[in-house]
Structures are given as structure tokens and as C-alpha cells.
Amino acid sequence: MTKAYVRRAARIASDAPIGTMTPVSGRMARDEAGRVYEYKSMEQKDVERRRKYAARDQRHFSFSNMHNMREITDSLSNKYCGYVLLLQPYIAFKSGLLVKPGRDGKPLKTQDFAGIWNVSKRTAAVILDELEAHSIVFGTNGTYTLNDRYHFRKKTGDEVDALIKTFFSTLRRVRLNAADLGVLYKLLPYVHLDTNVICSDPFAENPEDVRYLNEKQIAEILGMSADKTRAAMKRLRKAGVTGEWIKEYDDREILTVLNPYVFYRKSGEPDGTLRTLFAAQRFEAA
């Protein structure tokens, strides 16, 4: 038995088509062995892949208004911004009431906030007072509601392009302290739509014209020293919530990219480049 015969027998035994395909109908073709196959265009495969992703992506998320939340980032410390970010998974749908997880949706009490923020009950009360003073949280009869000017869970209006999503299941898995989460929060108003890269003009339509921010420029936004910013950004990368792109023509220019499985502006699945960059930190929904 010749090697060529063995190879041909193996090919016939497999499911792969043999030789040139001859169309027999709009979506059917026959190989040289006479077997009939259904074929699909790359566009059809891409549509099916996106449909499957949408069907399985049942993650809960909140919207943040990138324009309005700068009122928070400009007035609160990193730590307090981190406390606001930690509240996202507790926003009730439509009402904005801050509630416990589960179907009952019981309103959060002071001791619940203390657990979420990992602080004492007394400190939690101080934080709530500060958030109320800035009209970020509204307290009424022992319940608290997050101001939907900044964060909400309901249908979007005309400002959909100015919104960024925070996915609850993945945010809960991030292991960072409140101050580092605040650094992350302060970057959200600078996320570019198509690339998820931190930039000075996140609403620019042409990616080639986007002015990306390096660590020095990010330090200026955060109001931190270069050394402290560098250390904080390193912790964010280690936690898997940010990544890096290096410009091909200048390896000194390191661009910061947010993990799209935690924060994302577009609908649907992240593109191939982002999926590859964060393959090790995908944080699949539980």
C-alpha cells in the first residue's frame, strides 16, 4: 500500500472536503469525492458568531455618563471615586435604588455599605454623608438612590454615544483597593469608542486622529506624581483591568487600554485585537 494511497484514504475518512469544490446550488458544493457540503461566507459566519455572543451574554451592567461623571472625578479624591465605582453592582433596574443582590432587592443599609467598602459602619456613614453632599447619592427614609445623572440601569436616550458600561460580575472579581479603583474610575471619561484606549478625545470618529494619553498625561489628569501614577498603573495591569499597546514607531509611547470585559462603550463583542490583548484576563461571566 503506497503512502499516497494511505494519505488519500485518510482524507476520505475525515470530514474535510477533498480537492476542488464545485457549487451545486446557492449554498451547497460537492468535493472531488462526491460529498456534498454546505458553505457559508465569512460575513455569514461573523453574523452567526455575534448572534451567539449576544445570546449568551446575559451579564448585568450599569451605564455611566462620561460627560457628567467628570463632575465627580473633578471634585472627589481617588478613594471616594473608588467607593462610587464599588456601588455599581447594587443599582436596581430603572429605580436606581441601591439594593442587595437577589430577587428580593432589599435596600442597602449603612452596615451593608460598610461591607461593600470594607470600612467600619461609622466610616461608611461619613462616606454616605459626603456622597450626599455632592448629590451623587440621595438618602430618603433610610434608603439610598444613586443619581442617574451619573450612573443608571435603564433604557438609554439620545446620549448613548456618551455612555460606558460597567459589567457587574467582572468588576466584583477585580482585586484592588478603593484608591486604585478610583484611579480606574477617573479614566472612564477618557475611553475611546472603537479602541477602548485612554485618550484626550474619546469622541473622535477617526481612530487615526485620536490623541492617546501616556502615563505622564494620565498623571496630570489624576493629579498624582509620575512615580505614584506609574505604580498605580502597574497595579491596574496586574489586576487585569488595563493592558498596554506600544506604538510601533516609538516604543517609549505606551498606551493604556481598558479591559472590555469590565468596561466597554460599544454593544456586542469586543473586536479581535481587544480579545487577544485580554485573553488571559477575560473574566467570563459566572
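Helices (H or I, at least four residues) and strands (E, at least two) are DSSP runs, numbered from the N terminus. This is a predicted model: local features need pLDDT of at least 70, side-chain atom pairs count only at pLDDT 80 or more, and totals for chains, interfaces and linings use all residues. Residues are numbered from 1 along each chain as its sequence is written, and side-chain values use heavy atoms, with hydrogens and water left out.

**Exercise 1. Place A124 and list what it touches.**

Step 1. Find the element. A124 lies in helix α6.

Step 2. Judge the burial. Buried means under 20% relative accessible area, exposed over 50%, and partly exposed in between (1.4 Å probe, protein chains only). A124 has a relative accessible area of 0%, so A124 is buried.

Step 3. List the partners. Contact means heavy atoms within 4.5 Å. Neighbours within four places in sequence aside, A124 is in contact with T110, F113, A114, W117 and V119.

Step 4. Check one backbone distance. The C-alpha atoms of A124 and F113 are 6.1 Å apart, with their positions 11 residues apart along the chain.

**Exercise 2. Describe how α5 is covered.**

Step 1. Count. Six of the eight residues of α5 are buried, and the helix is mostly covered.

Step 2. Name them. They are T110, D112, F113, A114, I116 and W117.

Step 3. Find the cover. It includes α4, α6 and β6.

Step 4. Look just past the helix. N118 follows α5 and has a positive phi, near 60°.

**Exercise 3. Map the largest nonpolar core.**

Step 1. Fix the rule. A nonpolar core is a set of buried Ala, Val, Leu, Ile, Met, Phe, Trp, Tyr and Cys residues joined through side-chain atoms within 4.5 Å. In soluble globular proteins, nonpolar side chains tend to be buried together.

Step 2. Pick out the best-connected members. The largest core has 51 residues, and L98, F113, W117, L131, I136 and F263 touch the most other members.

Step 3. List the contributing elements. Two or more residues each come from α4 (78-86), α5 (110-117), α6 (121-133), β6 (143-146), α8 (178-187), α9 (215-222) and α10 (226-238). The most come from α8, which gives six residues.

Step 4. Zoom in on W117. Not counting residues up to four places away in sequence, W117 touches Y83, L86, L87, A124, I127, L128 and L131.

Step 5. Look for a second core. Another core, of 10 residues, lies apart from the largest one, and its members include V197, V210, V257 and L274.

**Exercise 4. Analyse the packing of α4 against α6.**

Step 1. Choose the descriptors. Two packed helices are described by the angle between their axes and the distance between the axes. Here axes are lines fitted to C-alpha atoms, for helices over the stretch in contact, and angles run from 0 to 180 degrees between N-to-C directions.

Step 2. Read the values. The axes of α4 and α6 come within 11 Å and cross at roughly 90°.

Step 3. Classify. Angles under 35 degrees count as roughly parallel, over 145 as roughly antiparallel, 65 to 115 as roughly perpendicular and the rest as oblique. The two helices α4 and α6 are therefore roughly perpendicular to each other.

Step 4. Name the contact residues. From α4, Y80, Y83 and V84 meet V126, I127, E130 and L131 of α6.

Step 5. Sort them. Ala, Val, Leu, Ile, Met, Phe, Trp, Tyr, Cys and Pro count as nonpolar, Asp, Glu, Lys and Arg as charged, and the others, Gly among them, as polar. The contact of α4 with α6 has six nonpolar residues, no polar ones and one charged.

**Exercise 5. Examine the salt bridges.**

Step 1. Apply the cut-off. A salt bridge is a side-chain nitrogen of Lys or Arg within 4 Å of a carboxyl oxygen of Asp or Glu. The count comes to 11 salt bridges.

Step 2. Take R235 and D180. Their side chains meet at 2.6 Å, N to O. R235 is in helix α10 and D180 in helix α8, 55 residues apart, and the pair links distant parts of the chain. R235 is partly exposed at 39%, whereas D180 is buried at 5%.

Step 3. Take D194 and K266. The closest N and O atoms of this salt bridge are 3.7 Å apart. D194 lies in the loop between α8 and α9, and K266 in the loop between β11 (263-264) and α11 (272-277), so the pair ties together parts 72 residues apart in sequence.

Step 4. Take E269 and R275. Their salt bridge spans 3.6 Å, N to O. E269 is buried at 9%, and R275 is partly exposed at 24%.

Step 5. Find the network. Salt bridges link E215, D227, R230, R237 and E244.
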